[in-house]
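Colleague: I would like to learn how to read a protein model. Could you take me through one, feature by feature?

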Amino acid sequence: MHDSTRHALEHAAELTRNNRLVEAMATAEPVILAADEFESAEIRQWLVDHTSDFTREV
């Protein structure tokens with residue numbers, strides 16, 4: 001996965017934890033849509049592995 005993709009996902013997780021879901025989606029959606037099939041698989045796995053990043057308390 002590209003560093004910029006991982007950074008966007010991490011930032012989206014932070015925004016989600018701070019109840020800024022619209023901004024989180026605006027951050028993550030472009031990199032998810034731009035990913036090729038291989039990076040998409042990496043993104044899916046990252047999301048599975050980091051679910052708690054989006055849900056834990058701040």
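Modeller: Happily; we will go from the whole chain down to single residues. Please keep in mind that this is a predicted model.

Colleague: Let's begin with secondary structure. How many helices and strands does the protein chain have?

Modeller: Count each kind of element, then read their order. Here the protein chain has four helices and zero strands. Followed along the sequence, the pattern reads α-α-α-α.

Colleague: And the overall shape? What radius of gyration does the protein chain have, and what would a compact globule have?

Modeller: The idea is to compare the value with a rule for chains of that length. For 58 residues, a compact globule would come out near 10 Å, and the protein chain has 11 Å, so the two agree. You can add the extent of the C-alpha trace, which spans about 30 × 20 × 15 Å along its principal axes.

Colleague: What share of the residues counts as buried?

Modeller: Of the 58 residues in the protein chain, 28% are buried. For the outside, look at the area: about 4200 Å² is exposed, with carbon and sulfur atoms supplying 54% of it.

Colleague: How many side chains are positive and how many negative?

Modeller: Count both sets, then ask where their centres lie. The protein chain carries 5 positive and 12 negative side chains, and the centres of these sets are 5 Å apart.

Colleague: Now the inside. Which residues make up the largest nonpolar core?

Modeller: A core is read as a group of buried nonpolar residues joined through their side chains. In this model the largest one has eight residues: L9, A12, L15, A24, A28, A35, I43 and W46. Helices α1, α2 and α3 each give two or more residues to this core, and α1 gives the most, with three.

Colleague: Could we look at one core member? Which residues does I43 touch, beyond those up to four places away in sequence?

Modeller: Leaving out sequence neighbours shows what the fold brings together. I43 touches M1, T5, L9, V31, I32 and A35. Of these partners, L9 and A35 are also listed in the core.

Colleague: S40 is in helix α3 too. Is S40 buried or exposed?

Modeller: The cut-off to remember is that buried means under 20% relative accessible area. S40 has 17%, so S40 counts as buried. Beyond its neighbours within four places, S40 is in contact with I32 and A35. Those two residues also appear among the partners of I43.

Colleague: What about L47, which is found in helix α3 as well? How does its accessibility read?

Modeller: At 30% relative accessibility, L47 counts as partly exposed. L47 also shows how sequence distance and spatial distance can be read side by side: L47 and A13 are 34 residues apart in sequence, with their C-alpha atoms 9.7 Å apart.

Colleague: Can you give me other pairs to practise on?

Modeller: Try E29 in helix α2, which is partly exposed at 44%. E29 and A8 are 21 residues apart along the sequence and 9.2 Å apart from C-alpha to C-alpha. Then take E10 in helix α1, partly exposed at 41%. The C-alpha atoms of E10 and Q45, 35 residues apart along the chain, are separated by 14 Å. Last comes T55 in helix α4, which is exposed at 58%. T55 and A35 are 20 residues apart along the chain, and their C-alpha atoms are separated by 24 Å.

Colleague: How much of the contact set comes from residues 24 or more positions apart?

Modeller: Such pairs account for 52% of the contacts in the protein chain with a separation of 6 or more.

Colleague: One last feature, the backbone angle phi. What is the phi of N19 near?

Modeller: The general idea first: most residues other than glycine have a negative phi. For N19, phi is near 60 degrees, a positive value in a residue other than glycine. You will find N19 in the loop between α1 and α2, exposed with a relative accessible area of 72%.

Definitions and conventions:
Residues numbered from 1 in each chain as written. Predicted model: local features only at pLDDT ≥ 70, side-chain atom pairs only at ≥ 80, totals over all residues. Heavy atoms only, no water. Rg over C-alpha atoms; globule rule 2.2 N^0.38 Å. Buried < 20%, exposed > 50% of the residue type's maximum accessible area, 1.4 Å probe, protein only. Contact = heavy atoms within 4.5 Å. Areas by Shrake-Rupley, 256 points an atom, 1.4 Å probe, with all protein chains shown as cover. Lys, Arg positive; Asp, Glu negative; His and termini not counted. Charge placed at Lys NZ, Arg CZ, Asp CG, Glu CD. Core = buried A, V, L, I, M, F, W, Y, C linked by side-chain atoms within 4.5 Å.
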